[in-house]
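The following exercises concern salt bridges, burial and a pocket. Please inspect the sequence and the structure before reading each solution.

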Amino acid sequence: MTSFFPRWTLKTHGDVAPDERLPWPQTVVMGIQHVVAMFGSTALAPILMGFDPNTSVFFSGIGTLIFFLMTGGRLPSYLGSSFAFIAVVIAATGYAGSGPNANMGLALGGIVAAGVLYALIGVLVQAFGTGWIERLMPPVVTGAIVAAIGLNLAPVAVKSVSASTFDTLVGLLTALAVGLVAVNGRGAVGRLPILLGAVFGYAVYALGANGLGYGKPIDFSGIGQAAWFGLPRFTAPEFSASAMVLIAPIAVILVAENLGHVKALAAMTGRDFDPLIGRAFIADGVATAVSGMGGGTGVTTYAENMGVMAVTRIYSTLVFVVAAGVALLLGFSPKFGALILTIPGPVIGGLALVVFGLIAATGGRIWVLNRVDFAEPRNLLVAGIALTAGAGDLSLRLGSFTMGGIGTATFGAILLYQVLRGRRSTPA
C-alpha cells in the first residue's frame, strides 16, 4: 500500500528527486536559498497593492506548507505572492499607489473568492482531467489575458516614477540594475535580479535624497521603534459582491500558470505529475483563500524557485518545508517588516516597470512557445481585442456592478474564442 507521504531516502550526490533528501544541514541551506530567491517578488507584490509585506511573507510560508501537505509532499513548489492580482486589487479598492491600502478588506474578500473558485476548478480537474481547461483556454487566450494584465498595470508603474526628475532617474536606474543582473549575473547572483536591483536603487535614492537633498529623505525611525518579534498584522476580509466578481476570475490565470509550472517540473524531474495537477490546484486555491482571510496576497507557485531547482538539480520537497519555516520566522519580525516599508516609492516604481513589463511580455512568450498562428483571423481578433480592452481599462457597467479592464479582457478573450471556434477563414 502506498503511503500518503513518500519515504524520503538520503542522497548525498547527483540529482536529488522529490522523494529524496539531502543531509539536514544542506537541506537547511537550500531552504534558505529558496527564501532568498522568492523574497524580492513576494515582498514587492503586496507593496504595490498597499498590503503589509511582512504578513504576505508569513502567508507565503503558510501557503507552501498547505501545498506540501495537500500534495502529499510529492510536488516541489514554493507559493509566493501572485502579481496577477495587482491590477484587479487596485481597481477594486481605488488604491492610489503609496502607503497602506484603506480598502484592503474589499480586496481580501475578492482574494478569498478567487481561492475558492480556484479550488473548485481543482476538484473538477481531479475528477475529469485537464483537457477541458486546455479547450476553454488555449494558448492564444491565456497569452492575451496575461499580456493584458501587464499592459493594464503600465500606468501604475509610470506614475510611480514620474513625480520628479530625480524619481524618474532613480526608477530607471533601478530597472536597469535589475536587467543587468538578470542578463549578466552568474550562479546565485543571476537568480536574484529583483532583490539586488532593489538594493541598488535603495542605495542610489539614499545617496541622492538623504545625502544630497534631491528628494524626500528615507525615514529610518520606524525600524528603531519596531520590535524584533511580534505577530504579523492580520486583517479580516470584507465580502463585497462587486469586488469579488472583479477579483475572483484571476483564478483562471492561476490555473494556466500552475498548469505550466507542473508540466515544467515534470520535464525537469522526469516524473509524471499529471495525477497531482488537480490536488495542486486545490492546494493553491486553499492557500490563496487562507492568505486572504488573514491579510495576505493571493499566492501561486513560483517560477523563481523553479529556476533554483533547474540550476541545482535538487528537487527534494523537504527543502520547501524548511523554506516555509524561514518565511514564517521572518513574518514574526516587525522590525524586518519596518525595513521593507522604508523602500522608496521611485525604487518600487522602477521594479514595477520591470515586473509589469515582464508580465506583458510573458503573454507573447506563451504565443511563441505554443506557435500560435496569427495568420488565422480568429487568433488575431481574440488577441487584439483582449489587449486593447486590458490596456485601455475598458470597463463594463451593469447596474451597480462594474467589471474593470482585466475582467473584460479575461472573459472577452474566453468567450470570443469560443464564439469564433471552428469558424476558420482565410485572410482576404
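Buried means under 20% relative accessible area, exposed over 50%, and partly exposed in between, with a 1.4 Å probe and protein chains only. The model is predicted: local features need pLDDT of at least 70, side-chain atom pairs count only at pLDDT 80 or more, and totals for chains, interfaces and linings use all residues. Residues are numbered from 1 along each chain as its sequence is written, and side-chain values use heavy atoms, with hydrogens and water left out.

**Exercise 1.** Determine which residue forms a salt bridge with D15, and classify the burial of both partners.

Solution. Step one is the criterion: a salt bridge is a side-chain nitrogen of Lys or Arg within 4 Å of a carboxyl oxygen of Asp or Glu. Step two identifies the partner as R313, the closest N and O atoms being 3.4 Å apart. The two residues are 298 residues apart in the chain, D15 in the loop between β1 (9-10) and β2 (20-21) and R313 in the loop between α13 (303-312) and α14 (318-331); helices (H or I, at least four residues) and strands (E, at least two) are DSSP runs, numbered from the N terminus. Step three gives the burial: D15 is partly exposed because its relative accessible area is 40%, and R313 is likewise partly exposed, at 31%.

**Exercise 2.** Compare the accessibility of D52 with that of its salt-bridge partner R233.

Solution. First, the D52 and R233 side chains meet at 3.7 Å, N to O. This pair links distant parts of the chain, 181 residues apart: D52 lies in the loop between α1 and α2, R233 in the loop between α9 and α10 (241-247). Next, D52 has a relative accessible area of 14%, so D52 is buried. R233, with 59%, is exposed.

**Exercise 3.** State how helix α3 is covered and what follows the helix.

Solution. Helix α3 spans residues 86-93, and six of its eight residues are buried. These are I86, A87, V88, V89, I90 and T93. Just after α3, G94 takes a positive phi of about 65 degrees.

**Exercise 4.** Locate R371 and describe its backbone and exposure.

Solution. R371 is found in the loop between α16 and α17 (377-391). Its phi is near 50 degrees, a positive value in a residue other than glycine. Most residues other than glycine have a negative phi. With a relative accessible area of 76%, R371 is exposed.
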